[in-house]
Amino acid sequence: MKVTKKEFKEKFEKRLQDRFAISIEDASSTELYETLGKVIKSYYSSDWKHTRQDYLNHEQKQVYYFSIEFLPGRMLKSNLLNLGMLEMVQEALVEWNIDLEDLVQEEPDMALGNGGLGRLASCFMDSLASIGMPGNGNGIRYEYGLFKQKFVDGYQVELPDEWLNQRNIWEVRRESKAVDVHFGGNVYLKESPTGQLKPVYEGGYSIKAIPYDTGMTGYENDTVNTMRLWSAEVTEEDKINFQNFEDRKELENLTSVLYPDDSNEAGLRFRLSQEYFFVSAGMQSILHYYKSLGLPMTEMNKFIAIHINDTHPAMCVPELMRLLVDEEGMAWEKAWDVTTKVMSYTNHTIMSEALEKWKISLMKEVCPRIYQIIKEIDRRFVEEWSHVFDPELIERTRIIRNKQVHMAHLAIIGTHSINGVAKLHSDLLKSVVLKDFYTIYPDRFNNKTNGIAQRRWSQISNPLLSSTLDKYIGKSWRKNADDLKLLLNHADDKKVYADLAKVKKENKKRLAQYIKETKGIEVSPDAIFDVQVKRLHAYKRQLMNLMHIIKLYLDIKENPDLDITPRVFIFGAKAAPSYHFAKSVIKLINETANLINNDASINGKLKVVFLENYNVSLAELIIPAADVSEQISLASKEASGTSNMKFMLNGAVTMATLDGANIEIRDVVGDDNIKIFGLTEAEVYRYYNEQNYNSADIYNNNPVIHRVVNAFIDGTIPNSRMEGQEIYDSLIKYNDEFFILRDFMSYCEAQESLDADYKDKARWGKMSLTNIAHAGHFSADNTVRKYAEDIWQIEPVRKG
Ligand code: 8GP
């Protein structure tokens, strides 16, 4: 789209005038932001309409990405960038003495997700549009996003995220597309006059599902896809149908809050109702659309692909069966054939506590017809395979087992494709976690290594790096991230290293300023910025990072002349509100930070900063400033990780275990440009098999470890007696579930070697450059193309 500055300014002034009856000088940032949003929307609205029409006219196969979480972050700048207007608008605003950054701050960070899985969904939305693929999002419009985190006395406190208090300028309410979702009651089957069994519903209640659509703009290609988020509304008329007040309240609030748990999923009725709500609403609207095409129902798979992002939307399978069999009168076998061809599923974690299971009694209560259909799917599964495989294997893989409905089993049995999110993870699914299913359906399993929205994580978050890259390799990388490889032509050029270092320093200053403002801590941009930002989870081992900090602190106390490069350790992490251990780790990091930051005797060689409320916007500030990216999960536990990719794109060097996508990062950058340490996945499994891990032995025999672990209980870290004891017990009494003590010395060695590399400017320059140059490998554009080809069979319609 080509919009001149003059046109833009006229339109902007007119909008401001029409909406607020004021001139630019009198307008507040909020009014300016809202006006800018409206103007941007007006620029893409016709493309949005045309994109939809194009898909319709071409009877184009479309994918619907069902995800209970989306984490788009702020959209103002990404929309401007995608429309090719960012620089022009920045200039125009400057002419009015307005800083675009001030308006950016007005936008709430749309945080409708917990972490990796939700952010991935949003990266995919961006890429689908940017490569011109017909892709839609389908999720929940939570009124409260993920809680806002504050620290009080070092403890995490959760505050509500009332993001919708300020109006969401990007969404469009589409009342005319509302559907009803039925909950509860009883269902029995009755023979119809034609001899078919039809469900008869007794009681229960319906909730109105209202869709709110948000345009997903593609990068400079006039494509605008749709992310559809559903909101629950109860009409006055419906209210009479509720048997009791509690039911009514619960359902009225169905889409009010995002379940604030990352992986310790508690089986709550509320959550199950949310899942059924967005699944049923989305499936009904897709079917409605498909019927409008007037094509045979049996060919639905040629026009529609539905992706189940983790198991939360797994009820898409029985819901489509319900619609085809109950509503459309299709025979079960035909409906099953279509359903499995339409559906595909991604698994995002091997942590068994995150594999969802629902009590049968609960599912019967919330969505009784869905339960009946699942039971029938399960019955047929057993019938089909029990003559082929060992009965025990069939018993283990059934959907309904031990009075529970296993959602991953449903997602596997009901789809044609199951993928993991990095090579190692996909291999572990086949060899361990879903081994039995791999025996039954070997062809369904595949890998799709995650990717990131390259433009957000470079052009938007790191404009300085972007213009430096333009200077050396031209601009093609902005569209095609593989062209970052052109930087390798400068792999030995010290001038380029110096320029990249200059950019890094500026970004560090920007972050240092934020740290000063928000935490009151002074940090030097000459220090190494060593960053770990991600959800707080035991397997991610923030605790090991903390132990390394404690070790350095004790080393410096013992030897004040110790020759180490000053380091600033930066953390960002939210803990699930009910995750006690994770909250204790937060408290300990905060207390250690207090201790170290206020100890003048260490001469500022170490600083520790725990930034509050880590979210997408904060990530955009932190990641460009990082020298070191901490990706230190126990090998085999992190499915992929995606911040590792964002950091490398921004020139940080990864401190990594051989886990998740770290392995693939190592493969592309080479051993010299990454710091690998710790157990391999095979070694971890050997410990499991031989059951011979003994953390107390390590503790008793290694004086360094002994000293660091004791710091948790001997008063070294103040104000944290209880938490310290708890951590100590987790490491010693409960045998250190994630093998921190086993990996600790290897971690410290890797850190020492990193320190030495950092001192050598040329060496570090080359490492950093090599990481940037290879980051295109992890562009979500590439990942999504692979999904499109191998799983969804969709093609770009619009110019990509
Ligand atoms: C995350 C994985 O932990 C991470 O390794 C991966 O990069 C990311 O998904 C995207 O694939 N998993 C989750 O966010 C997750 O499992 N969330 C729980 C609610 C299921």
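## Buried and exposed sites in a predicted model

With 22 C-beta neighbours inside 10 Å, Phe-739 counts as buried. A residue is buried if 20 or more other C-beta atoms lie within 10 Å of its own, exposed if 12 or fewer, and partly exposed in between; C-beta atoms are placed from the backbone. This is a predicted model: local features need pLDDT of at least 70, side-chain atom pairs count only at pLDDT 80 or more, and totals for chains, interfaces and linings use all residues. Residues are numbered from 1 along each chain as its sequence is written.

**Loop residues**

Phe-739 sits in the loop between helix H29 (721-731) and helix H30 (740-759). Helices (H or I, at least four residues) and strands (E, at least two) are DSSP runs, numbered from the N terminus. The phi of Phe-739 is positive, near 50°, in a residue other than glycine. Asn-603 is not a glycine either, yet has a positive phi of about 60°. Is Asn-603 buried or exposed? Asn-603 counts as exposed, with 11 C-beta neighbours inside 10 Å. Ala-626 is buried, with 26 other C-beta atoms within 10 Å.

| Residue | Loop between | C-beta neighbours within 10 Å |
|---|---|---|
| Asn-603 | helix H22 (580-597) and strand S20 (606-611) | 11 |
| Ala-626 | helix H23 (616-622) and strand S21 (628-631) | 26 |
| Phe-739 | helix H29 (721-731) and helix H30 (740-759) | 22 |

Which residues does Ala-626 contact, leaving aside its neighbours within four places in sequence? They are Phe-529, Val-531, Phe-647, Asn-650 and Ala-652. Two residues are in contact if their C-beta atoms, placed from the backbone, lie within 7 Å. Ala-626 and Lys-761 are 135 residues apart in sequence and 16 Å apart in space, C-alpha to C-alpha.

**Core and helices**

The largest nonpolar core has 230 residues. Such a core is a set of buried Ala, Val, Leu, Ile, Met, Phe, Trp, Tyr and Cys residues joined through C-beta atoms within 7 Å. Within this core, Phe-277 and Cys-316 touch the most other members. Helix H9 (residues 269-292) gives the largest share, nine residues.

Beyond its neighbours within four places in sequence, Cys-316 is in contact with Phe-66, Val-279, Met-283, Ile-306, Ile-308 and Met-343. Cys-316 is also among the buried residues of H10, which include Glu-319 and Arg-322. Ten of the twelve residues of H10 are buried, so this helix is largely enclosed by the rest of the structure. The end C-alpha atoms of H10 (residues 316-327) are 15 Å apart, which agrees with the 16 Å expected at 1.5 Å a residue. The expected span is 1.5 Å times one less than the number of residues. Gly-329 follows H10 and has a positive phi, near 70°.

Helix H13 (residues 368-385) has 18 residues. Its first and last C-alpha atoms are 26 Å apart, close to the 26 Å expected. Buried residues of H13 include Pro-368, Arg-369, Tyr-371 and Phe-381.

**Domains and ligand**

The domain assignment gives domain 1 (1-45 + 79-106), domain 2 (58-74 + 109-450 + 784-792) and domain 3 (456-678 + 743-778). These bounds come from an automatic or database domain assignment. The centres of domain 1 and domain 3, taken over C-alpha atoms, are 35 Å apart.

How many residues surround the ligand? There are 18, and the closest are Gly-116, Leu-117, Thr-349, Ala-639 and Ser-640. A residue is near a molecule if its C-beta atom, placed from the backbone, lies within 6 Å of it. Domain 2 and domain 3 each supply at least three residues of this shell.
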